[in-house]
Amino acid sequence: MDWGKRRSVTVILVLVAVLVAAVLVYSYLPKASTSGTSSGNPPGNNPQCKGTAACFTDTVTYIVDGDTLDVGSTRIRLALVNSPEVGQPGYTEAKQFTAQTCPVGSSALVDEDDGQTGGSYGRMIAVVNCGGVNLNAALLSSGNAVLVTYYCSVSEFADEPWTGCP
């Protein structure tokens, strides 16, 4: 192999190594943030946790139904919303809506409800944001869930406009 070809091969190998290193570094960067720094969402669409209860970002691992999903190893019951149960009209649509808004494998920001830290049947009560979308609010506005007014008196989120709490 002559000197020119060796130099070309060396340059190509160095470029490939730099590209692989850049991809590896990028893949380990945080995908979402709870500290208010940018997470790739458009300005004004960067959800943050409020209150003092648990707050974390993890991967959606399972959709139970319209108002319950697993994020990491934590089962989440969405605060202030209720979707149809198995066998009720609208069950399939609500579950599909949740699966489309927060697909398995996607990143989710979970903000536990300060007013309901005791949970419900082993589930954490929370607001879940996927891709900058508040799943709780989206379920309500889409008609795939209804507001559970009973919890308006205790939920930390009751004063947010999306809830419709009295």
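Buried denotes a relative accessible area under 20%, exposed one over 50%, and partly exposed a value in between, computed with a 1.4 Å probe on protein chains only. By this criterion Cys152, with a relative accessible area of 13%, is buried.

The structure is a predicted model, in which local features need pLDDT of at least 70 and side-chain atom pairs count only at pLDDT 80 or more, while totals for chains, interfaces and linings use all residues. Residues are numbered from 1 along each chain as its sequence is written, and side-chain values use heavy atoms, with hydrogens and water left out.

**Disulfide inventory**

A search of the whole structure yields three disulfides, a disulfide being a pair of cysteine sulfur atoms within 2.5 Å. Counting the bonded cysteines along the chain, the connectivity pattern is 1-2, 3-4, 5-6. The sulfur separations are listed below.

| Disulfide | S-S distance |
|---|---|
| Cys49 and Cys55 | 2.0 Å |
| Cys102 and Cys130 | 2.0 Å |
| Cys152 and Cys165 | 2.0 Å |

**Cys49 and Cys55**

The link of Cys49 and Cys55 is right-handed, with 80° about the S-S bond. Cys49 has 22% relative accessibility and therefore counts as partly exposed. Its partner Cys55 is likewise classed as partly exposed, because its relative accessibility is 32%.

**Cys102 and Cys130**

The disulfide of Cys102 and Cys130 is right-handed, with 110° about the S-S bond. This pair joins distant parts of the chain, 28 residues apart: Cys102 lies in the loop between α2 (91–101) and β5 (107–112), and Cys130 belongs to strand β6 (residues 124–130). Helices (H or I, at least four residues) and strands (E, at least two) are DSSP runs, numbered from the N terminus. Cys102 counts as buried because its relative accessibility is 0%. Cys130, at 4% relative accessibility, is also assigned to the buried class.

**Cys152 and Cys165**

The torsion about the S-S bond of Cys152 and Cys165 is about -75°, so this disulfide is left-handed. The link connects distant parts of the chain, with both Cys152 and Cys165 in the segment after β8 (146–147) and 13 residues apart. As stated at the outset, Cys152 is buried, with a relative accessible area of 13%. Cys165 has 15% relative accessibility and therefore counts as buried.
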